[in-house]
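Dear colleague,

I am passing on the structure we talked about, and you will find it directly below. After it I have set out what I found, so that you can follow along with the model open.

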Amino acid sequence: MNLTYLGHSSFHIHTKGFNIIFDPFISPNSLASGIDIKNIKSDFILLSHGHGDHLADAEFLSKQNDSTIISNYEIVSWYESKGIKGHPMNHGGKRSFEFGTVKYVNAIHSSMLPDGSYGGAPGGFVVWNNEVSFYFAGDTALTWDMKLIPITCPKLDFAILPIGDNFTMGYEDAVIASDFIQVDKIIACHYDTFGYIKINHDAAIKEFKNAGKELILLEPGSSLEF
Ligand code: NI
Ligand code: MN
């Protein structure tokens with residue numbers, strides 16, 4: 001499995017021959033200016049919630065690549081009204097896709113769509129197949145519900161957690177989240193993109209190190225192999 005950071009909360013995962021994009025917000029992000037969305041391949045696009053900093057490029061990518069959007073019922077319906085195909089889910093449900101199983105899990109946040117439409121309730125995703133298992137938290141506070149993930153899903157290899165504070169949990173709470181989900185390898189997202197979420201990288205890394213955990217801050221465009 002290969003993971004590429006596309007900036008903010010956006011990731012490209014390549015697994016079992018499929019290209020999966022999470023929360024594409026690339027073309028408006030000056031920190032991701034080196035990434036050209038015309039070169040991004042996507043079979044599936046997973047959207048955690050309706051905010052613009054998570055779906056800005058979803059329509060372009062899904063039309064360019066004939067992708068399927070996987071999100072909550074309200075967001076998928078909104079895209080279907082634009083002629084884009086989707087697969088709707090809701091909290092606590094899991095479903096097998098060609099690339100693996102997806103479970104839509106709870107997040108504490110909000111979810112209005114860019115035109116003011118109701119975006120349903122926000123969520124995160126746990127994704128697993130026979131080569132990897134990981135949790136993409138989306139935008140969320142630290143929540144007790146995270147304790148359900150190791151009870152209901154296969155053991156996680158890593159998790160992608162927001163650490164930028166203000167709109168989501170900060171890195172101190174993300175350390176507690178990593179305990180709740182029983183993971184020692186965390187890939188950071190939702191930091192530095194805007195003024196409110198600029199963080200001290202060294203302090204964040206140290207906070208995780210002190211808990212015996214690894215926090216990975218990727219440069220947009222860089223990749224990891226699992
Ligand atoms: Ni948000
Ligand atoms: Mn956000």
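In this predicted model, the manganese ion (ligand 2) and the nickel ion (ligand 1) lie 3.0 Å apart, and Asp139 coordinates both of them. On the protein side, the manganese ion (ligand 2) has as its donors Asp53 (OD), His54 (NE2), Asp139 (OD) and His190 (NE2), at 2.1 to 2.2 Å from the ion, and along the chain these donors follow the spacing D-H-x84-D-x50-H. Of the two histidines, His54 belongs to helix α1 (residues 52-55), while His190 sits in the loop between β12 (185-189) and α6 (201-210), so the pair ties together parts that are 136 residues apart in sequence. Both His54 and His190 are buried.

The next element I looked at is helix α3 (residues 73-80), in which Ile75, Val76, Trp78 and Tyr79 are buried. Viewed down the axis of α3, the buried residues fall within an arc of 155 degrees, and they therefore line one face of the helix. What does that buried set pack against? The buried residues of α3 pack against α1, α2 (58-65), β5 (68-72) and β6 (86-89), and α1 is the helix that also holds the manganese donor His54. At its N-terminal end, α3 is capped by Asn72, which has a side-chain oxygen 3.1 Å from the backbone nitrogen of Glu74.

Glu74 comes up again with Tyr118, a residue in the loop between β8 (100-106) and β9 (123-128). Leaving aside residues up to four places away in sequence, Tyr118 touches Glu74 and Leu113. Tyr118 and Ile75 are 43 residues apart in sequence, yet their C-alpha atoms are 8.2 Å apart in space. Tyr118 is exposed, with a relative accessible area of 60%, whereas Ile75 is buried.

Finally, you may want to know how many disulfides the model contains. With a disulfide taken as a pair of cysteine sulfur atoms within 2.5 Å, the count comes to 0. For the sulfur of Cys153, the closest cysteine sulfur is that of Cys189, and because the separation is 18 Å, it is too far for a bond. Cys153 is buried, at a relative accessible area of 8%, and Cys189 also counts as buried, at 1% relative accessibility.

With best regards

Conventions:
Residues are numbered from 1 along each chain as its sequence is written. Chains are lettered from A and ligands numbered from 1 in the order in which they are written. This is a predicted model: local features need pLDDT of at least 70, side-chain atom pairs count only at pLDDT 80 or more; totals for chains, interfaces and linings use all residues. Side-chain values use heavy atoms; hydrogens and water are left out. Donors are N, O and S atoms within 2.8 Å of the metal (3.2 Å for Na, K and Ca); water is not among the atoms, so sites may look incomplete. Helices (H or I, at least four residues) and strands (E, at least two) are DSSP runs, numbered from the N terminus. Buried means under 20% relative accessible area, exposed over 50%, partly exposed in between (1.4 Å probe, protein chains only). The arc is that of the directions from the helix axis to the C-beta atoms. Contact means heavy atoms within 4.5 Å. A polar contact is a pair of N or O atoms within 3.5 Å; within protein, one must be able to donate a hydrogen and the other to accept it, and residues adjacent in sequence count only if both atoms are side-chain atoms.
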